[in-house]
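Visitor: I am new to this structure and would like to be walked through it slowly. Could you show it to me before we begin?

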Amino acid sequence: MNTRHQPLYAYLLAALVMVGLSYGLPLLLPGDYIEAVYGSSQVVLDAEQEAQLRQELGGRKGFAAHLWGLVTLDWGHSLALQTPVSRLVLEALPWTLLLLGTAHLLALVLGFIAGVEAAWRRGGRLEKAGVGGATMLQGVPEIGSGVLLLLLFAYHLGWFPAGGATTAYAELSGGPWLLDVLHHLALPLLTLVLAYLPGNFLLTRAGMVMILGSPYLETARAKGLPPLRVRYVHAARNALLPVLTRFGLRLAFMITGALVVETIFAYPGLGTLLFTAIGSRDLPVIQAVVLLAALLMLLINLGLALLHRRLDPRIGHAL
Amino acid sequence: MKTEIKQLTVTYREDDHRLLALDRVDLQLLPGRITALVGESGSGKTTLGKALLGLLPPAATVDGQILLGEDDLTALDETARNQLRWRRAAVVPQNGAAALNPAYRLLDQVAEPLRRQRGVKRREAEERALAGLAELGLDRDQARRYPHELSGGQVQRGLLAMALILDPPLLILDEPTAALDCLSKNHLAQLFRRLAAQQKSLLLITHDLALARQTADQAAVIYLGRIMEYLPAGQLDRARHPYTVALYRSFPGMDAVRDLGGIRGDAFYRLLHAHPAVNVQQHRTCGHDHQHLVTPASNHPEEHAPPGADEDGHAPAAGCLFAPRCTQAEDACRREAPALNRLREPDAPQPDIDQGHEHQIRCRRGGIIDLLCCRKTSKSYGPVTALHPVDLELRAGEVCCLVGESGSGKTTLAMLAAGALEPDRGRVSFAGRDLADWRRRDPLGLAARIGIIHQQPAEAVSHRFTVFEIVAEPLRIQRPDLDAAALEQRVLTSLAEVRLATQPEFLRRYPHQLNLGAIQRLCLARALIQQPQLLVADEPTSALDPSVQAKVLKLLLELQIEKGLTLLLVTHDLGLARKIADRLAVMEAGRLVESGPAARVLSRPAHSCTARLIAAATTT
Amino acid sequence: MPSEFNRIRRDPWLTVGLLLLLLLAGLSLLGPLLTPHDPHDMSFMPLSTPSAQHWLGVNDGGMDIYSELVHSLRNTLWFGLLAGVCGLLLGATGGLAAAWYGGWLDQLLMRLADIILALPAILVLILLAAFFRPDPAWLALTLAALAWPNSAKVIRAQALGLKNQLHLQAARRMGASVGYLLRRHLLPELFPLYLVALAAKIRMAVFMEATLAFLGLFDPARKSLGMMISYALKYYYLEIWPYWLLPPIICLTLLIMGATFLAVSLEKFFDPRLREL
């Protein structure tokens, strides 16, 4: 199993490529920047607005100015929503982080533990059922499971709200607010956990099964250590490495589903913002959301690579 | 603490059959003694090591007893067994660095049993681990390294320190020196001796016979899960069981000078089928042809005997496990399973258990037999004493070279051994029967068992015979019942074996049309065509040029491995003797002055004559 | 290998995966024969429930849902196959070239692969699609260009091992040309790897296509499963939703399931190291 991470510079270069795309793509569109970015959107600019914009942007920006703009949160102006892009994005970001962070955390912890335990009981009926079920689940895309969950639990049974992250105008605070947030979070979270968990489970199990046959695990058992220590401190810790490596590679794939899930549940995160922006061809917003998501992903990957180095002494401690 | 393994049987379940890994093994490990367990890979050595820690996989079924002190490991549940692990018995596993968790430092792994088993505080556990590692020559810096940062020798010492950390009375060493250079190996061997001196019992699982001989007190030789021979480890070079002998001959030690032998055939797996009618099936592991020896259960109670039952209680048995590969197996060997007996004393009672194991052997024939035995044999021609009384034994499957100056009596002794001469005094026995008596009663039967190659090949063949007639002669004499086709077939095979031509034109030639080398080989073909047990050859290759000589010698060695051919070779060429002899017998003036393993005789000659011969051979 | 082929034939995941894919491919190819409607024909009664004329009813734009479904399935499959096959071709070429020629080419290709592996493909596709509204085929090719490094790395590693094997060196000493070696030795020996990579890539491409379509990044005139789901979701309160929303969801799920099962099964037997999830 490939447990090697990408070299660190690859993340830096990939980030540069993304920034470069965000800078360069508009230049490839016909007309000047304003025409290119706003002209094709469904919003019609009147002459006054256009003049104001031209003045604001001072014509075509250089790459350095573009970079500076990125750093200073000057990401342009959404005409469709009449708001600075940065405000829209920053409003949506926490909800996405909440949803995806919780989903990944849950899926990782649950999938990992389930994988470890399944491998420990390999050959058993429970393990076979687990592997079968996980393989089935892996074949269900988030679009499918999300819509079905929405139809069943929100529309049909009415147990959960069909959209939003909080109840509008409820003015809740403290405990009730938190419950409200969780109530809204439940369905999209479940969809994502269902999508992420099988992969983590199967990977952990496969890694564990390999480790269970390894000589050092037999040594650990021979030492008369408590079974839980053998299972987790000696075996699972090493099974974690490929899961982490794979996590980075799968992240790009997993983000795809997240975009859809937010949209299905009208969860006010980056995905929904992107969906709305695509609907109105609000290019500055699309650009900002894509760039931000990409950079965040690269950052997470970088963090994982560093973590991997810490966890696996064979890679070495130096960066 | 004494460790006793009693009638231990381990089978592995696999799909529809079971694999018999250990078959009623008895073994005692006494304090202060190192027991070597030797055998080919797949013989069950490692299974035994794992069983001692209760670490067999769930697919394994265990019968019998494993007594670690008073506790029977097989009777305990997993929790109780876990309590004993590493305290009563610890293991130095094979695979070196792979046996250490790559994610933790050596020190942490060494200290771990102290902390988890004994509840020692971290600081103290680390100090004690460091002390243990230091004792084995690993300093603080090395102790804090990760496994992949250590050399093979360091890993092995680290593993040993880890095994010793709880001061267990029993230490299992599973191929501890497999990947080490010989300096590290020696260092470890000394360590093992020191540990034994501290009254620990050590089980040394190894296929390194030199290590076993050098380090261990006693050795148990295991084949297909069955103990074949127990013997003092120092006597491994004088082992009696055909398996041990062949194993030893295959091992590239520094104390053997001749080319490596081998064991014919391959080891089998022992499969016990769930199907009631077919109980035993033996598989070739990696043979070219798959040979299934399927035997109905009813005829062979031995294989499904309730483990623990006394095997002597079962009248007909499935035969010796090693018989298919044994060169001296008789029909009876394939029928009767041999019991483990004290050597040469088949009627003696079971050995005293408390004394450990003496030399015991599981062979119906009592191990490698002495094929030829000369006792005080002497010969004179008129007033000239050609041979003073000589004692000489030839073990089955052995290559013995008679060396000495011309006129030292080599040829006389050889011809006496072959039965071509009658001794004046003393007796010669062959396969346990008196040679002279045998020749009187059954001259043909004896002749078929002993092939002779004479010194002067040209005179040994009739010049009126064609090539075909020369080679066919022994068979025509001994097997008049053979039809022409079979006869021709065997002649051709025999000719091909000695790398002679087999075309009809060649078969019709006469000796005078051949050169001396071809005639020599013709004699060889003639000697081999009757498939003798003993080949007595007087300078058989002196007339051959070196390339043909090499081929013929190779052929003889191959026959030794495949058919157990015993060779008594008279030669004056020490270089040749060195390459092929298991044993050297040195003669001077009609006396046998020295006889012993070829390597020993050549490296440490005990007689001045031998030294002189060696000196002469090295200067020329 | 042959023994693996024998064992894999008995793997139920493979059988089910293949059946699912064949079924859906058959439906997309033969489906139009069973219904006379043009999926773009907007002349029917909008939002009417299923009838003999319209098996799954008519959508809000007055188009026959069944025809729409069949065409969507075809488009999605086409996208998946195009991206998958091209990605595999790129990956195999890159991997084999890197392994065979080594040196600077190997360095270049593998560094490039590292960077591309770090790039989130879907985000690049969204950006491109939003800005240029390219033809779906171009998007599929872009996806292939972003998806090749994974298989290239695996194929390179295996090819490196093969390259040093004796029978290959022997063939080289016999004077075999690079083309011969590739054709007769490397390509066939790595065959199972291609299967694994292809299944994984098709799965990913189908998933991405559905997402892009769901987000509305394709030409609205191009029928696709993701877009159907996206539109139908807006009318969940209408009586027609089970006929409009469920069929594309089921089709999409079965499609991805089929590809997943195939990938999982092939992977299990041929390459435990390769997992494109």
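Visitor: How many residues of chain B are in contact with chain A?

Guide: This is a predicted model, in which local features need pLDDT of at least 70 and side-chain atom pairs count only at pLDDT 80 or more, while totals for chains, interfaces and linings use all residues. Residues are numbered from 1 along each chain as its sequence is written, and chains are lettered from A and ligands numbered from 1 in the order in which they are written. Two residues are in contact if their C-beta atoms, placed from the backbone, lie within 7 Å. On that basis 18 residues of chain A touch chain B, whose own share is 22 residues.

Visitor: Which element gives the most to the side of chain A that touches chain B?

Guide: Helices here are DSSP runs of H or I with at least four residues, strands are E runs of at least two, and both are numbered from the N terminus. At least two residues each come from α9 (215-222) and α10 (227-264) of chain A. The element that gives the most, with seven residues, is α9(A).

Visitor: How many residues on the side of chain C that touches chain A are nonpolar?

Guide: This contact takes 41 residues from chain C and 48 residues from chain A. Ala, Val, Leu, Ile, Met, Phe, Trp, Tyr, Cys and Pro count as nonpolar, Asp, Glu, Lys and Arg as charged, and the others, Gly among them, as polar. On the chain C side five residues are polar and three are charged, while the nonpolar ones number 33.

Visitor: Are α3(B) and α6(B) roughly parallel or roughly antiparallel?

Guide: Axes are lines fitted to C-alpha atoms, for helices over the stretch in contact, and angles run from 0 to 180 degrees between N-to-C directions. The axes of α3 (residues 106-118) and α6 (residues 152-164) of chain B come within 8 Å and cross at roughly 20°. Angles under 35 degrees count as roughly parallel and over 145 as roughly antiparallel, with 65 to 115 as roughly perpendicular and the rest as oblique, so α3(B) is, relative to α6(B), roughly parallel.

Visitor: Which strands stand at the edges of the open sheet in chain B?

Guide: Two strands pair if DSSP finds at least two bridges between them. Eight strands of chain B form the open sheet, with mixed pairing, in the order β6-β7-β8-β3-β9-β10-β15-β14. Because each has a single partner strand, one side is left without a neighbour in the sheet for the edge strands β6 (89-92) and β14 (340-342).
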